[in-house]
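Reader: I am new to this structure and would like a close look at a single part of it, with the surroundings explained as you go. Could you take one place in the chain and work outwards from there?

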Amino acid sequence: MNKRNKSLRKVRYVLYKETLVDFKEHFWTFIGSFFGIGLIALTQSQSLDKLENIFLIGSFGASSVLIYGAIQSPLAQPRNLVGGHLISAFIGVCVYKLVPDPIWISAPLAVSLSIVAMQMTKTLHPPGGATALIAVIGTPKVKALGFMYVLSPVLTGVLILLVVAIIVNNLTKNRKYPTNSRWTKYLKLKNRM
């Protein structure tokens, strides 16, 4: 009976700790994602017709969850963010050019190949799968970009998200991004100067 009560207390404690609301953490998550996505949207609104919604792709929203909300995750680190999106975008465009139809072949092929490529290159970033899929199922304007899709919107958007993540996630002593020791040593040196 005593052992059972002790186990129950541990479970309650873990559930309690996992559901605590850390308003500071939520604040910085909001600030990072707001400015990251906001800058991409601003760039799009200044450079493209309002009807051309190609610069702000859906997978950037999922990346924001990781790089602003789960910054310690290995899947949120810069190598994964940038590499995962670029590899997946390239594969998505290749699949669309080689096998545009039927969609029931091209869509899963683009996603599956991008996952395997990200695994092989150690750049696994789940939103990358969506980036590959968007290259295949996107609007005619996205498809018309061809390999330019890799550079813009993907590379430019990812770089905006990354710069904002590095700035916002290092504004407080409780948040450090990226977790790679080389980056954090460099950032600490810059803060001392």
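**A histidine in a loop, and what lies around it**

Author: The part to look at is His125, which sits in the loop between H5 and helix H6 (127-137). Please keep in mind throughout that this is a predicted model. Is His125 buried or exposed? Its relative accessibility is 0%, and because buried means under 20% relative accessible area, His125 counts as buried. From this position the side chain of His125 reaches the backbone oxygen of Leu75, at 2.7 Å. Which residues does His125 touch, once its neighbours within four places in sequence are left aside? They are Ser63, Leu66, Leu75, Asn80, Leu81, Gly84, His85 and Met118, so that Leu75 appears in the list of contacts as well as in the link through its backbone oxygen.

It helps to set this residue against the whole chain. The protein chain has nine helices and zero strands, and read along the sequence it follows the pattern α-α-α-α-α-α-α-α-α. Of its 193 residues, 37% are buried. Among the contacts with a separation of 6 or more, 68% are between residues 24 or more positions apart. The accessible surface of the protein chain is about 11,800 Å², and carbon and sulfur atoms hold 68% of that surface.

Helix H5, one of the two helices that border the loop of His125, also has a part in the surface. Ile103, Trp104, Ile105, Leu109, Leu113 and Ile137 make a nonpolar surface patch of about 570 Å², and helix H5 (residues 103-120) gives the largest share of this patch, five residues. One of the patch residues, Leu109, has its place in helix H5; with a relative accessible area of 32%, Leu109 is partly exposed, whereas His125, at 0%, is buried.

Another loop holds a second buried residue, Arg175, whose relative accessibility is 2%. How many salt bridges does the structure hold? There is one, and it is formed by Arg175 with Glu25, whose closest N and O atoms are 2.5 Å apart. Since Arg175 lies in the loop between helix H8 (148-168) and helix H9 (181-192), while Glu25 lies in helix H2, the pair ties together parts that are 150 residues apart in sequence. Side chains of opposite charge can pair when their charged atoms come close. The two partners can also be set side by side in terms of cover: Arg175 is buried, but Glu25 is partly exposed, with a relative accessible area of 27%.

Following Glu25 into helix H2 leads to a group of aromatic rings. The structure holds four aromatic pairs, and one of them joins Phe27 and Trp28 edge-to-face, at 5.0 Å centre to centre and with 80° between the planes. Phe27 counts as partly exposed, at 43% relative accessibility. In another pair, the rings of Phe30 and Phe34 have centres 5.6 Å apart and planes at 25°, so this pair is stacked. Both of these residues lie in helix H2 (residues 23-47), four residues apart, which is about one turn of the helix. Phe30 and Phe34 are each exposed, and together with Phe35 they form one aromatic cluster.

Terms used:
Residues numbered from 1 in each chain as written. Predicted model: local features only at pLDDT ≥ 70, side-chain atom pairs only at ≥ 80, totals over all residues. Heavy atoms only, no water. Phe/Tyr/Trp six-rings, centres within 6.5 Å; stacked < 30°, edge-to-face > 60°. Buried < 20%, exposed > 50% of the residue type's maximum accessible area, 1.4 Å probe, protein only. Contact = heavy atoms within 4.5 Å. Areas by Shrake-Rupley, 256 points an atom, 1.4 Å probe, with all protein chains shown as cover. Patch = residues over 30% accessible without salt bridge, like charges linked within 9 Å, V, L, I, M, F, W, Y side chains within 5 Å. Salt bridge = Lys/Arg side-chain N within 4 Å of Asp/Glu carboxyl O. Polar contact = N/O pair within 3.5 Å; in protein donor to acceptor, adjacent residues only side chain to side chain.
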